[in-house]
Amino acid sequence: MTWTETHERTRIIREAIAAAASDMTGAVPWREEWSAYFDGPSGLVAALRARWERMCVAQLDCQASHDDVDETYARLRRSEAAVVKILETARDQAIGRVLPLTGATPLPQNVKRRIFALHGGPVLPTAEPRH
């Protein structure tokens, strides 16, 4: 995969997350032109799942107290609620409902982001939170 393709996939994932956040039904946002980068909606769901798992690995520290881990996991689920809803729907159904997107694709935005040094311990499973 080229550098340009990687950036385009990242842009598509951000657009899909923004569309999912405005819909919140768990439907997979999809544009036909994304087929060049993902093998259909199931490929996009796989990319969203990989992103979610990387976020959990990076931010959950199993050396922290149970309360801290639970709090961090709950915060992640809140901040990524649209993605979590898509993943839960896709887990419960074959792929879930597809939300066809129409109209112009938003232009990429130059967003400045803070870079955090993440220090963590071993990987925790991304199972449902304990109650």
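**Group meeting: a walk through the predicted chain**

Hi everyone. Confidence in this predicted model peaks in helix H1 (residues 3-23), with a mean pLDDT of 93, and is lowest in strand E2 (residues 98-100), at a mean of 66. pLDDT is the predictor's own confidence in each residue, from 0 to 100; helices (H or I, at least four residues) and strands (E, at least two) are DSSP runs, numbered from the N terminus. The chain averages 79, and 69% of its residues reach 70 or more. Please be wary of residues 111-122, where pLDDT stays under 50. The model has eight contacts (heavy atoms within 4.5 Å) beyond four places in sequence for that stretch.

Some ground rules. Local features need pLDDT of at least 70 and side-chain atom pairs 80 or more, while totals for chains, interfaces and linings use all residues. Residues are numbered from 1 along each chain as its sequence is written, and side-chain values use heavy atoms, leaving out hydrogens and water.

Now to the salt bridges, meaning a Lys or Arg side-chain nitrogen within 4 Å of a carboxyl oxygen of Asp or Glu. The whole structure has five of them. Glu-8, Arg-11, Glu-15 and Arg-31 form a linked network. Within it, Arg-11 and Glu-15 pair at 2.8 Å, N to O; both sit in H1, four residues apart, about one turn of the helix. Glu-15 also meets Arg-31, at 2.6 Å, N to O. Arg-31 is in the loop between E1 and H2 and Glu-15 is in H1, so this pair ties together parts that are 16 residues apart in sequence.

Are these charged residues buried or exposed? By relative accessible area, buried is under 20%, exposed over 50%, and partly exposed in between (1.4 Å probe, protein chains only). Arg-11 is buried at 16%, Glu-15 at 9% and Arg-31 at 6%.

Next, helix H3. In H3, Val-69, Thr-72, Tyr-73 and Leu-76 are buried. Down the helix axis they fall within an arc of 100 degrees, so they line one face; the arc is that of the directions from the axis to the C-beta atoms. That buried set packs against helix H2 (41-59), whereas Asp-67, Glu-71 and Arg-78, on the other side of H3, are exposed. Arg-77 of H3 makes a salt bridge with Glu-88, at 2.7 Å, N to O. That pair links distant parts of the chain, with Glu-88 in helix H4 (residues 81-92), 11 residues apart from Arg-77.

One last stop: Met-24, in the loop between H1 and E1 (28-30). Its phi is near 55 degrees, a positive value in a residue other than glycine.
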